[in-house]
Amino acid sequence: MKKKIFAYLLLMLPALLLTSCLKDQEDVFDKPASIRTKEYLEKTRRVLTSSEHGWVLDMFPHPTQDYGGYSFTMKFDEDNVTVCTELAEDVTEPITSAYTLSNEAGPVLCFDTYNKYLHLFSTPSSGTGAGGYEAYKGDFLFIIMNISEDENTITLKGTRSGNLMYMHRITQDIADYQTELNEFVSNLVFDRAVATIDGKEYTLNFFTNDRYIGIDVPEGEEAIETAFCFDNNGFTLYEPATLSGKQVQVFKYNEENATFTSQEDPSVVFTGLLLPSIVINNVGESVSVGNSASTLEYHFNLADKFTYTANDSWLKVSVSGKDLKIDVEENTTGEPRSGTITVEASGEKATITVSQVPLNRIFADSDLYFAFSKFSAALQPTYMACKTLSDSEGEVINVMAFTTYNNPTFATGFGIYFTSGNYAGLIALDLQFIGGDKVKFVYNSARNDLNGNGGWYYSHGYSTFINYLTSTTFTLTADSESQPTYFTLTDDNNSANYFTVVTKAVSTPFNN
């Protein structure tokens, strides 16, 4: 009997403790919880709307920050929020939607009206994998954890991801902030930066596209891998990192001496490494130009800090500040030719290959995007067949382009790459070169992507367009033989049929 009574008391213990805690809370607080929460939400609204220029939020989707962090700038009024983001095609284009502040097991900021910026990481689509039915496991509902004493920082916690995120008051227009951020990221050329802290060497490795940083540390310390988010003059790690006992998280950039300085401990300073990969990232390992005399021009930070050596007399290299120029003489040999430029810095070398080839070879080596408006009126119905199929599947064609794919687990070789809804495919095309400015396409089903989407979309509707492409020969023209921004393909059998493809990425081609 005693054992049974003891077990019963154990079961009752949590309830007894809870009762005690609740009584203690009544003694500590002079207002009911509901009143306190209401007042806190009123304070939050006042703080949000008090910023003349707005706030920046570093948003980290996914519970393990798999996609890194991205910047959103926001301006609040009593009911609505206006947003700009670095993820937009035009970073200065704002979108306005409603927000609410409510008590849902605590004070919550909710962006409850659809906003294609704020809901990018949380809106599901059909299919599986990233962006599928679970979206990117991002948040649009945030618990308000804290408002700093100076009211310049608000700490949030994503209800889905569980990630802590911070909003900071800004002192410039939300679009101007994103413009500066975009310029900073575009001009940040470093892959690596090094620091000496207390006599020990640390190397910071940027994986800019993945918004991920790895820090190599001395033996005995644990290597650091973490997501990060850019701001308009530096970056912030998702969580603090400890280097030689110093805790750091926010770094600001000084362009004059190419350093990143910790804002928590100014003794931690990373200096960008001047590596030839900087030039390769901006120029490429190989460049193709036509046979005419031409000038290639590139603009990037620190261009004049490298040594350039051309190994052929028909290549000339000049540099001034951020401007690099490669002059190519006319090719009169009657044959394609290639030369190299050696780039040197920090004891390392890299090579750029410059080739003079016919226009149709340049076309074959380029990534070229479709847009419906760039098809002639006579040819638009043929291209529209692709949209008709995707529409019937409830999908939107997000991208379509001529490209050469080199991924053995997906597809290899030239073709039309596309994404429709949550599906991607490559419809393989072999290229036949005729003279220097003509091409003929040949459909090659054996090279379609290995997941079968290329063949499926071809056989269910895209064939209308593909079969047209393979039925004729096209003459190519371009705006430049050195750095073309577009190619126009004109049907040799019917000049009313023509279309233009562009080097600049085009999203949702049937809306452009």
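At 30% relative accessibility, Lys-43 counts as partly exposed in this predicted model, because that value falls between the limits of 20% for buried and 50% for exposed. This lysine is part of helix 2, which covers residues 33-50. Once neighbours within four places in sequence are set aside, Lys-43 is in contact with Ile-147 and Glu-151. A second position helps to place the lysine within the fold: Asp-210 is 167 residues away from Lys-43 in sequence, and their C-alpha atoms are 36 Å apart in space.

Glu-151, one of the contacts of Lys-43, has a feature of its own. Its place is in the loop that joins strand 7 (141-147) to strand 8 (153-158), and its phi angle is near 65 degrees, a positive value in a residue other than glycine. Ser-346 can be described in a similar way. This serine lies in the loop between strand 23 (337-345) and strand 24 (348-356), and its phi is near 50 degrees, again a positive value in a residue other than glycine.

It helps to step back and view the chain as a whole. The protein chain contains seven helices and 32 strands, and its C-alpha trace spans about 100 × 60 × 55 Å along the principal axes. Of its 512 residues, 46% count as buried. Among contacts with a separation of 6 or more, 52% come from residues 24 or more positions apart. The accessible surface of the chain comes to about 25,100 Å², and carbon and sulfur atoms account for 50% of this area. As for charge, there are 34 positive and 65 negative side chains, with the centres of the two sets 7 Å apart.

Helix 3 offers a good place to look at packing in detail. This helix runs over residues 174-187, has 14 residues and reaches 20 Å from its first C-alpha to its last, close to the 20 Å expected at 1.5 Å a residue. At its start, a side-chain oxygen of Asp-173 comes to within 2.9 Å of the backbone nitrogen of Ala-175. The buried residues of helix 3 are Ile-174, Ala-175, Tyr-177, Gln-178, Leu-181, Phe-184 and Val-185. When reading such a list, it is useful to recall that an α-helix has 3.6 residues a turn, so residues three or four places apart point the same way. The cover over the buried residues of helix 3 includes strands 1 (55-59), 2 (70-76) and 3 (80-85), together with strands 13 (224-231), 14 (234-243) and 15 (246-254).

Thr-73, found in strand 2, shows how one of these strands meets the helix. The threonine is buried, with a relative accessible area of 0%. Its side chain makes a polar contact of 3.3 Å with the side chain of Gln-178, a buried residue of helix 3. Beyond four places in sequence, the contacts of Thr-73 include Ile-174, Tyr-177 and Gln-178, as well as Trp-55, Val-56, Thr-82, Val-83, Cys-84 and Ile-170.

Finally, Ser-390 is found in helix 6 (residues 380-392). Its relative accessibility is 1%, so this serine counts as buried. With residues up to four places away in sequence left out, Ser-390 touches Glu-395, Ile-397, Ser-420, Tyr-457 and Tyr-462.

Key:
Residues are numbered from 1 along each chain as its sequence is written. This is a predicted model: local features need pLDDT of at least 70, side-chain atom pairs count only at pLDDT 80 or more; totals for chains, interfaces and linings use all residues. Side-chain values use heavy atoms; hydrogens and water are left out. Helices (H or I, at least four residues) and strands (E, at least two) are DSSP runs, numbered from the N terminus. The expected span of a helix is 1.5 Å times one less than its number of residues. Buried means under 20% relative accessible area, exposed over 50%, partly exposed in between (1.4 Å probe, protein chains only). Contact means heavy atoms within 4.5 Å. A polar contact is a pair of N or O atoms within 3.5 Å; within protein, one must be able to donate a hydrogen and the other to accept it, and residues adjacent in sequence count only if both atoms are side-chain atoms. Accessible areas come from the Shrake-Rupley method with a 1.4 Å probe; for residues, only the protein chains shown count as cover. Lys and Arg count as positive and Asp and Glu as negative; His and the chain ends are not counted. The place of a charge is taken as NZ of Lys, CZ of Arg, CG of Asp or CD of Glu.
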